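Biologist: Hi! Could you walk me through this structure?

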Amino acid sequence: MGSIKKVGITGANGTVGRVLMQGLADDYELTAFTRRAVDFPSTIVNFDKPDQVAGAFTGLDAVIHLAADPSPMADWQAVREHNLEGMYQVMEECRRAEVKRMIFASTNHTQHGNSILTTPETLDPKKELRMKLGDLPNPDSLYAVSKLFGENIGKLYSERFGIEFVGLRIGWIVPEDTPLVMRGTPAEDYLRAMFLSHRDCIAAHKRALEVDTVYMLAYVVSANGRRVFDLEETRAGLGYEPQDDAEAYFAE
Ligand SMILES: NC(=O)c1ccc[n+]([C@@H]2O[C@H](COP(=O)([O-])OP(=O)(O)OC[C@H]3O[C@@H](n4cnc5c(N)ncnc54)[C@H](O)[C@@H]3O)[C@@H](O)[C@H]2O)c1
């Protein structure tokens, strides 16, 4: 284990947050941040409210920033408040509190404009894509644009203030931990490509907390046979070795 011990998780009661609160608890001292009181101990902060954010990260070594409107259908007001203002306030508090590392929940949607069929939660498997991290973004929504803002303000703060930043372009993680939940729906092909199992999600975040880097982007999807992202750079850079493949669930 490296020098990171005290880790704050924003959006700790969401789908990803609950998986990480459980999966990281043995290795790190976790502080949960939520918007409202929840069924476990947490610090209540609205990240779009500057007066509530000030002082929130004092003493933390790293922050995993999940709090956002996670919907590609989110309207401008929601994106502006939760994803843009919230991201800026979180970066500013990382700077003030001298947080060493920031791990940011970015998204596949930053490039899904290339793989979309109709709506952002559909995918055209006939395109047979293998996109790379360095390919030009092709956001499919205002939500995706807000995540590109997050990746880029992370770059700015890493260069200007030395905050280590890991942007994870997450696929699709579902509470049920199986891609079969979308079987027979218009989203099936999309989930088969983007599926992220809970254990792969935890493993990727552990690597993001430990990897030696100043700034990095990575794909966080399982090793899906139908994936549209090239995992080689992520495997080499992040040291992430996904264990699961959505196709295995459909084969059972
Ligand atoms: N679930 C996925 O498959 C997926 C895929 C790609 C990226 N992501 C990203 O991962 C993160 C977590 O996603 P999720 O599915 O767990 O979402 P979620 O909606 O289940 O959880 C997000 C949490 O953030 C909190 N939140 C939102 N705005 C806030 C604010 N202004 N201040 C404080 N808290 C706020 C909400 O209360 C909620 O508990 C999001 O940033 C999302 O964009 C998720």
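Modeller: Sure, we can talk about the sheet, a helix and the ligand.
Modeller: This is a predicted model: local features need pLDDT of at least 70, side-chain atom pairs count only at pLDDT 80 or more, and totals for chains, interfaces and linings use all residues. Residues are numbered from 1 along each chain as its sequence is written.

Biologist: What is the strand order in the sheet?
Modeller: The order is 3-2-1-4-5-6-7, in an open sheet of seven strands with parallel pairing. Strands are DSSP E runs of at least two residues, helices are H or I runs of at least four, and both are numbered from the N terminus. Two strands pair if DSSP finds at least two bridges between them.

Biologist: Which strands stand at the edges?
Modeller: Strand 3 (43-44) and strand 7 (215-220) do, each with a single partner strand, so one side of each has no neighbour in the sheet.

Biologist: And how many bridges join strand 1 to strand 4?
Modeller: Four, between residues 6-10 and residues 62-65. Ile9 has Ile64 in strand 4 as its bridge partner.

Biologist: New topic! Which residues of helix 1 are buried?
Modeller: Val16, Gly17, Val19 and Leu20. Buried means that 20 or more other C-beta atoms, placed from the backbone, lie within 10 Å of the residue's own.

Biologist: Now the ligand: how many residues surround it?
Modeller: 22, and the closest are Gly11, Gly14, Ala68, Pro70 and Ala105. A residue is near the ligand if its C-beta atom, placed from the backbone, lies within 6 Å of that molecule.

Biologist: Which helix gives the most to that shell?
Modeller: Helix 1, with three residues.

How values were computed. A residue is buried if 20 or more other C-beta atoms lie within 10 Å of its own, exposed if 12 or fewer, and partly exposed in between; C-beta atoms are placed from the backbone.
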